[in-house]
Structures are given as C-alpha cells and as structure tokens.
Number of protein chains: 2
Amino acid sequence: MILINGEQRDTLEITDRGLHYGDGLFETIEIIQGQPVFLTQHLARLKTGCQVLHIPYPKEALLLDEIHQVSQFVIHGVLKLMLTRGSGGRGYRQPEIIQATRLLALYPFPDYPAHYNSAGINACFCTSRLGLNPMLAGIKHNNRLEQVLARAEWRDEFQEGLMLNLNEHVIEGTMTNLFVVKNGVLYTPKIILSGIKGVLRQLILEFAKTYEIPFKINDLTKEFVLSGDELFVTNSVIGIWPIKSIAGQSYMPGFLTQKISQYLAEYKISEKDISC
Amino acid sequence: MILINGEQRDTLEITDRGLHYGDGLFETIEIIQGQPVFLTQHLARLKTGCQVLHIPYPKEALLLDEIHQVSQFVIHGVLKLMLTRGSGGRGYRQPEIIQATRLLALYPFPDYPAHYNSAGINACFCTSRLGLNPMLAGIKHNNRLEQVLARAEWRDEFQEGLMLNLNEHVIEGTMTNLFVVKNGVLYTPKIILSGIKGVLRQLILEFAKTYEIPFKINDLTKEFVLSGDELFVTNSVIGIWPIKSIAGQSYMPGFLTQKISQYLAEYKISEKDISC
C-alpha cells in the first residue's frame, strides 16, 4: 500500500522536488503487528530534518493517522515515510508556500538471517569516501549518492561496508551506525561533518547513560576501529549486528554487545506494551 | 510535453531511485527554433556523469530522437533532460541490471531581462557552504540540497548568490559558474572538491585558449574575487551575466567580459548554422 498526501497512488508528479534535487527526508520504520517501532524517535528525527531543510513538518495527527492506515494490518514489515518539499518554485528556488509531499510506502521486512544478530556479519571498508558537509550531517535527507556508490563496491560477500570520510575518520556503515567496544568503553563516531544520526545509535547512547556504561563520542581512525575488542553496527530495522570479520581480522560478539542487544530487546517489548 | 522512457506521461513510479536517493543526473538545455543549444557539450557531460555514477548511458540515437520529439516545435524554451538509475535494487544497493529512466520535460524560457546580460546583476555571498566531495564534484547529479538551501537565503533582492566551500574558497553561484578578470587574466575556480563543471565554463575556457586570453584555474578566496576588475557568472541557459554589485562593491562589465560575450554570441550563431 502506498499513500501520497493521503491518497492511494503509486506514481508521483514529475514536478516533485524530491525527484529533481533529492529535496526531502525519509524514515524507515519497522512495523510489528500493526505497530510502528521507535515511532517517537523516528518522528523526532524527521522533525529535526524539517528544521534543517526548512520543510514544514506536517500536522502530527495527520501523519499518525496515515501511518496507522498503512500499517494497521501488517504483521511484520517496513514503512518508508518520505517527506519532500513538494512541487513548485523555479529551479533551486523554493516556492513561497511549501506544500510538502507525504509519501508512505510499505515494504516486506528484509529477510536477513537471524544469525546476523547473534553470530555477526562480515564487513569491509569501502573505498568511496563520505564528503564533509556539517550543514547536512546528522539528518536523514534524500541526497544519498555517497551511500549508493559505496554499496555498489560489493555484492553478497559482505553484509555491510564501513565508510570513512575525507578526513579518514570511520563514520558509519552504508546503512548503519558503528560502535566499537575497547577496554570496557563504548565508542561511536562523531556525526558532525558526515553521516546520519541513527535512531538506534541515539537509543544505545541513552542505554549507556541509564546502565552506566562508559562511552565516548569521538573521531575514530581505521586503526582504532580494528583495535577494538567488539565491533557492532546498528539500525532501527535490523537491530544490532556484531561484526565478526573485517579487513582480515576476526571479532567475537562480546559481553557489551550482548548486554546492549538485551537492553534493546527489553526496550522493544516495553515500548510494545505502552502502545498496546 | 513530458516524455518518460519514450512515453508521454506526467507522473513517475514512486519506486524510482531518482526520488529516493537523488540517484540521477540532469542537463538543462536551451532550445531555439527547435534546436538544442550546446547539445554536444551537454551530452558529453551527461556521459561523464554516467561513468562516475555507473549509470548506463542510453543509446545516443534514442536520446537524440527523444530530444527531437520534445523540442522540434519549440520556438524558445528549456529542455530538462534527466537520467536516473531507474527502479529496483534493495535499499542503497543498485539492481543487477540497471534500467535507467530517461525523463525529458519542456519548460518556458526563463523571463530574465536582457539587461542582466548587458548591464549586469546584483549578487551576494551565500552563508550556506558547499561541502567537500571529490567523488561527486564536477558532474551535474541530482543531490542538490546545498543549492536549494543556498538559494533560500534571498528572494528578489539579488539575481545570484556565490557559494564558498568548507575550505572558504569561492566555487560557483547557486546555478552558475564564476569568472574573475584581474590585470587582464581570466580566473575561474578549481572544481575538484566541490561544484559543477558548467557547459559554458568549459566553452569559455576553450575560447580563452583559441583567442589567447591568459587564464588560470585556481582556488580563489573571497578577497581575491572582490579584488577583481570584472566579475561574471555563466550558465548555458542564461549565457553571461556580469556582476555589477556584490558585498557593497561595484563593478562594470569590462573589456574581457564584453569580448567573451561576443565570442559566445558568434559561437551560438555558428553552431546554429551547422545544425540547420
């Protein structure tokens, strides 16, 4: 099912600025038994993105109603919620009155094997570098050519690729955020010049505060990442994937990775209880 | 008139990767009396963009035929030719077989007054900075949020805004390239870390070679730009716009600006003769 501005359709006007300039934002939300997971966090990030791009955030009741319409009968799936600046304006100039396009589309839940979460994945370092752009870092906008080009570097031999930015700092995976555990401290890269602040990254940093896990948000070099005791990547749909091999080195899903996975599982159950 | 993959339509499947990731390229081509202007140069840049993004360049005969269909009865207009990676793939991962979407749409010629070309325009420096990304610099891809945000900084008080990149080098206008004349030498910014290599920028550099105008492609600071004797911006649709004021300073369209404008006018006439 696809809803565009509340109407069931599967095509969009070619005048939409999302198409012309990637002038929009998106969220990819897991749906379980009709319930969107981490919805509060997804909507909060979308709202932040709207502030950065000066796209009017829709009335939340309307958005919630449309999310409900699309998700209510879904057992397990993924909802892509996109918000573009709509049509109009002249070239890059935006229209005087912005009428954002709301696009909601349902996808089947990706069929990743469960052992990616338990035993871990094989990862690589991408050759493609993330550019530097503090104005756009953090938010989940539709200008995603860097990720598309990085993801084209491998096929099925890896499950994720880590990306460095132009400053040679490891920032994130193509579709995930990165965490490194070293000597009992949890590290995750700074998202200031490049990268997306993932919903799960934020939640894990909150777990770290709640459960008093020492953590640092730093610039991380490739050498530092490889020297970690445990490595894992996260996103709100796949959850936590430990990295079991990268650049010829092997890792085990260790104590902190398992502990945080357990906090996440408990959080998802408690969140479900609240929304029921 | 709009053609999508050869069919007259005005909507596009919402699965198109152009919409989701700005995963595409475009050219904006002036049409005079049914003839596309600078077509060879536009198609050459599109082809370069396809090589960078690994999007298959369509059969040129097909593209030329579609351009002819859309343009043949147009007295004066602008053709937007867009090429996206089409639909398919999973997330950022591209499909095994890429079927690019060809989108051709006609627009009225923008009604800029002729005195912008003769007397010049008022310009400003934008606050928004271009990011650094050598992988994507030069080509005209659809990830254009930087330009959208920069263009939102003013309304009608200026006709163009110059953008600096994160390194504080002046790179280009939001929709134009920049030239500075100083002591008889023509300068234009390096397009290596940021910016688009405009069709007219390339042509003017060729004029400089042909007519033995001394020129340099350099990193230019704001101070250097302001110290110029003549400033002008270019794009293939508007031609050459001298800058008559920027940051409280005034400039006159000088000898070299007028000379190059004349070379351009002659080139357009000769190109028209060839295509007739």
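In what order do the six strands of the open sheet of chain B run? The order is E2-E1-E7-E6-E4-E5, with antiparallel pairing. This is a predicted model, in which local features need pLDDT of at least 70, side-chain atom pairs count only at pLDDT 80 or more, and totals for chains, interfaces and linings use all residues. Residues are numbered from 1 along each chain as its sequence is written, while chains are lettered from A and ligands numbered from 1 in the order in which they are written.

**Strand pairing in chain B**

- Helices (H or I, at least four residues) and strands (E, at least two) are DSSP runs numbered from the N terminus, and two strands pair if DSSP finds at least two bridges between them.
- At the edges of the open sheet are strand E2 (7–8) and strand E5 (35–36) of chain B, each of which pairs on one side only.
- Strand E1 (residues 2–4) of chain B is antiparallel to E7(B), with three bridges; Ile2(B) has Ala105(B) as its bridge partner in E7(B).
- Strand E8 (residues 121–125) of chain B runs parallel to strand E15 (residues 239–246) of chain B, and three bridges join them.
- Within that pair, Ile121(B) has Ile243(B) of E15(B) as its bridge partner.
- E8(B) also pairs in the parallel sense with strand E9 (residues 160–164) of chain B over three bridges, and there Ala123(B) is matched with its bridge partner Glu160(B).

**Nonpolar core**

- A nonpolar core is a set of buried Ala, Val, Leu, Ile, Met, Phe, Trp, Tyr and Cys residues joined through C-beta atoms within 7 Å, where buried means that 20 or more other C-beta atoms lie within 10 Å of the residue's own, with C-beta atoms placed from the backbone.
- The largest nonpolar core has 129 residues, and Ile243(A) and Ile243(B) touch the most other members.
- Outside its neighbours within four places in sequence, Ile243(B) is in contact with residues including Gly120(B), Ile121(B), Ala123(B) and Tyr251(B); contact means C-beta atoms, placed from the backbone, within 7 Å.

**Domains of chain A**

- Chain A is divided into domain 1 (2–108) and domain 2 (115–275), with bounds from an automatic or database domain assignment.
- Their C-alpha centres lie 25 Å apart, and the contact takes 19 residues from domain 1 and 14 residues from domain 2.
- On the domain 1 side, strand E4 (24–32) and helix H2 (39–53) of chain A each supply at least two residues, and H2(A) gives the largest share, seven residues.

**Contact between the chains**

- Chain B has 40 residues in contact with 40 residues of chain A.
- Strand E3 (11–13), helix H1 (17–21), strand E7 (101–108) and helix H5 (145–151) of chain B each supply at least two residues of the side that touches chain A, with H5(B) giving the most, five residues.
- This side of chain B divides into 18 nonpolar, 15 polar and seven charged residues; Ala, Val, Leu, Ile, Met, Phe, Trp, Tyr, Cys and Pro count as nonpolar, Asp, Glu, Lys and Arg as charged, and the others, Gly among them, as polar.
- Across the chains, strand E3 (residues 11–13) of chain A pairs with E3(B) in the antiparallel sense over three bridges, and Glu13(A) has Thr11(B) as its bridge partner.

**Relation of the copies**

- A turn of 180° and a shift of 0.0 Å along the axis lay chain B on chain A with an RMSD of 0.0 Å, which is the relation of a two-fold axis.
- Copies are superposed by least squares on the C-alpha atoms of residues with pLDDT of at least 70 in both.
- The copies meet through the same surface, because 100% of the interface residues of chain B are also interface residues in chain A.

Key: Contact = placed C-beta atoms within 7 Å. Buried ≥ 20, exposed ≤ 12 C-beta atoms within 10 Å, placed from the backbone.
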